[in-house]
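Me: Could you walk me through this one? I'd like the labels justified, not just listed.

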Amino acid sequence: MKLFVPSGFLVLTLAIAPVACIADPVHTAPTNALTVQQALRMLQDQGYYDFKKIKLEQDEDEIEVEARNKIGHKVEIELDLYTGQVLTIEHD
């Protein structure tokens with residue numbers, strides 16, 4: 001027995017079939033997290049400048065930034081990813 005399926009039916013079936021999307025966890029960020037630009041602007045408002053290394057640590061909810069403080073010393077700053085609060089400042 002042959003089964004005849006009109007071609008339009010097949011296309012319609014594929015068009016409404018659910019599609020599974022696989023997200024790359026490396027590039028996903030929570031929507032309420034600060035952007036790098038927001039974090040740098042906050043640091044700049046506090047007198048930091050010459051930003052060299054910026055690292056987003058999602059597993060630790062932090063943004064790490066290497067910069068210079070108001071008097072020109074190199075520092076590494078850790079910010080809370082959600083609030084922008086400075087968690088630690090290490091002087092190099």
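Me: Which residues does I63 touch, leaving out those up to four places away in sequence?

Reply: Keep in mind that this is a predicted model. In it, I63 touches L34, A39, I54, K55, L56, I77, E78, L79 and L81. One of these, L79 in β3, is also the bridge partner of I63.

Me: What makes β2 and β3 a pair of strands?

Reply: Pairing takes at least two bridges between the strands. Here 7 bridges join β2 to β3, so they qualify, and they run antiparallel. Their hairpin has 5 residues between the strands, and G72 there has a positive phi near 95°.

Me: How do you know that β1 and β2 pair as well?

Reply: Same test: at least two bridges are needed, and β1 (residues 54–57) and β2 have 4, in the antiparallel sense. One of the contacts puts E57 opposite E62 in β2 as bridge partner. This hairpin has 4 residues between its strands, with D61 in the turn at a positive phi of about 55°.

Me: Why is β2 called mostly covered?

Reply: Buried means under 20% relative accessible area, and 5 of the 7 residues in β2 are buried. R68 in β2 comes out at 24%, so that residue counts as partly exposed.

Me: Which residues have the most contacts inside the largest nonpolar core?

Reply: That core has 13 residues, and the ones with the most contacts inside it are L43, Y48, I63, V65, I77 and L79. The elements giving two or more residues to it are α2 (36–45), β2 (62–68) and β3 (74–80).

Me: What makes D50 and R68 a salt bridge?

Reply: The cut-off is 4 Å between the side-chain nitrogen and the carboxyl oxygen. The closest N and O atoms of D50 and R68 are 3.2 Å apart, so the pair passes. D50 sits in the loop between α2 and β1 and R68 in strand β2, so the pair ties together parts 18 residues apart in sequence.

Me: How do you know that K52 is exposed?

Reply: Exposed means over 50%, and K52 has a relative accessible area of 62%, so the label fits. K52 also forms a salt bridge with D50, at 3.5 Å between the closest N and O atoms.

Me: Why is E57 called buried, and what about K55?

Reply: E57 has 13%, which is under 20%, so E57 is buried. K55, at 37%, counts as partly exposed. Their side chains meet in a salt bridge, 3.1 Å from N to O. As for the others, salt bridges that share partners join D50, K52 and R68 into one network.

Terms used. Residues numbered from 1 in each chain as written. Predicted model: local features only at pLDDT ≥ 70, side-chain atom pairs only at ≥ 80, totals over all residues. Heavy atoms only, no water. Core = buried A, V, L, I, M, F, W, Y, C linked by side-chain atoms within 4.5 Å. Buried < 20%, exposed > 50% of the residue type's maximum accessible area, 1.4 Å probe, protein only. Contact = heavy atoms within 4.5 Å.
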